[in-house]
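Visitor: Hey, could you walk me through this one? I'd like to start with a helix and then wander around a bit.

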Amino acid sequence: MKIVYFAHSILSCWNHGNAHFVRGILRELLRRGHAVRALEPTGGWSLTNLLADHGPEALSAYRAAYPDLPSESYDTPEQALAACGDADLVIVHEWNAPALVAAVGAARKRGARFTLLFHDTHHRAVSDPDAIRAFDLDGYDGVLAFGETLAEVYRRWGWGRHVFVWHEAADTTLFRPPADPSETERRGLVWVGNWGDGERTHEIETYLLAPAALAGLPLDIYGVRYPAEALTLLQQHGVHYRGWLANAVVPKVLANHMATIHVPRRFYARHLPGIPTIRVFEALACGIPLLSAPWNDVEGLFRVGRDFLMAENGSVAGRQLRALRHDADLRAALATAGLETIRGRHTCVHRVDQLLAIVQGLGHQINEIAGAA
């Protein structure tokens, strides 16, 4: 197939976790022999911020890890549409301009022969539904939603059989345990995450900062958008703040630490249960023990207590971190189980299999509708 994917950015992962999964999916499609084009708007917010903070050299880690995955830029929706002319499948991510989303949909309505999917990997459908409703999706053949609870929102909006649950997953060509574990010395904790708009400040202090200090474990934090008050809080807890980290380098950083922690954003924990986001998949794929703040795995993606530990409160988190610090067998068991689950269910290979099945099924549905008409 000829496949076009419209992303906010492929080049930049600066405060843009969606790039992680998309890179892995496109690489797997290329590996299977599909012709893939990835497009992003010129001057996109994520790339602009990355270059402003770190300069062009910040792209070197991405280019080294994904030499087979070029990204093209466009200035106008009209330029973007030119890439779709002979496509079989077009996917538009929700972190794109409404004008682009509408233009591609309008082309499909006018008779373009490609299958057109809208890919939603954010909580805005519940946190800011008007922002999603502003997208003109009339010409779209289906929606890819990264969790059942998000898919249910689209069903209520009338998408019915044309919304599909398509969870994120780990790109195991990049996210994997070190080839020789004896070459890495694992010490302390690491958290890779952005501060954002303060929507999980309490959770970060309760499940990350305070338990790490109580367990006597050094903590390294990587991420962006940390305001002055956040940096002051980290300093008060004795945290080593390391700044932005290219996602392509994350496996090497995880390999140098004893364990990592997942702190879900409040909207996912409270309003979109069952959506762990990409960091859980990536950490487990790297074979590092994981401790998580509470979230409800309503879809049974993982074996909670075997693949990773979940703490119902800060006190439990502190006890679990102490257990991880002193129990090598526990660390090994968690790492083995988590990696097993990722490799068995949650890789980009699995998600590409699912995507191709969805596209095939949609083709049958569209033909049925056309025949009935």
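**A chat about helices, cavities and odd angles**

Guide: Sure. Helix H2, which spans residues 45-54, has Ser46, Leu47 and Leu50 as its buried residues. They lie on the same side of H2, because they cover an arc of only 95° around the axis. Keep in mind that this is a predicted model.

Visitor: What do the buried residues of H2 pack against?

Guide: They pack against strand E2, residues 35-41.

Visitor: And what comes just after H2?

Guide: Gly55, just after H2, takes a positive phi of about 80°.

Visitor: Let's switch helices. How many residues of H13 are buried?

Guide: H13 runs over residues 278-285, and 7 of its 8 residues are buried, so this helix is mostly covered. The buried ones are Ile278, Val280, Phe281, Glu282, Ala283, Leu284 and Ala285. Just after H13 there's Gly287, with a positive phi of about 70°.

Visitor: Which residues have a positive phi although they aren't glycines?

Guide: Arg225 is one of them, with a positive phi of about 65°. Thr277 is another, at about 70°. For background, most residues other than glycine have a negative phi.

Visitor: Where are those two?

Guide: Arg225 is in the loop between strand E9 (219-222) and helix H10 (228-236). Thr277 is in the loop between helix H12 (266-271) and H13.

Visitor: Is Thr277 buried or exposed? And why?

Guide: Thr277 is buried, because its relative accessible area is 18% and the cut-off for buried is under 20%. Arg225 has 31% relative accessibility, so Arg225 counts as partly exposed.

Visitor: New topic: how many cavities are there?

Guide: Searching the whole structure turns up 2 cavities of 30 Å³ or more. The largest cavity holds about 110 Å³ of space. It is lined by 17 residues, and the closest to its centre are Cys13, Asn194, Trp244, Leu245 and Arg279.

Visitor: What classes do the lining residues of the largest cavity divide into?

Guide: There are 9 nonpolar, 7 polar and 1 charged in that lining.

Visitor: What about the second largest cavity?

Guide: Its volume is about 50 Å³. The lining of this second largest cavity has 10 nonpolar residues, no polar ones and 1 charged. Among the lining residues are Leu11, Arg23, Ala58 and Tyr62.

Visitor: Which residue of H2 have we already met that lines the second largest cavity?

Guide: Leu50 is one: it's a buried residue of H2, and it also lines the second largest cavity.

Definitions and conventions: Residues are numbered from 1 along each chain as its sequence is written. This is a predicted model: local features need pLDDT of at least 70, side-chain atom pairs count only at pLDDT 80 or more; totals for chains, interfaces and linings use all residues. Side-chain values use heavy atoms; hydrogens and water are left out. On a 1 Å grid over the protein atoms alone, a cavity is a set of points where a 1.4 Å probe fits but cannot get out, and a pocket is an open set with protein on both sides within 12 Å along at least five of seven lines; lining residues have an atom within 4 Å of a point. Grid points are joined across faces, edges and corners, and a volume is the space filled by probe spheres set on the points. Ala, Val, Leu, Ile, Met, Phe, Trp, Tyr, Cys and Pro count as nonpolar, Asp, Glu, Lys and Arg as charged, and the others, Gly among them, as polar. Buried means under 20% relative accessible area, exposed over 50%, partly exposed in between (1.4 Å probe, protein chains only). Helices (H or I, at least four residues) and strands (E, at least two) are DSSP runs, numbered from the N terminus. The arc is that of the directions from the helix axis to the C-beta atoms. Contact means heavy atoms within 4.5 Å.
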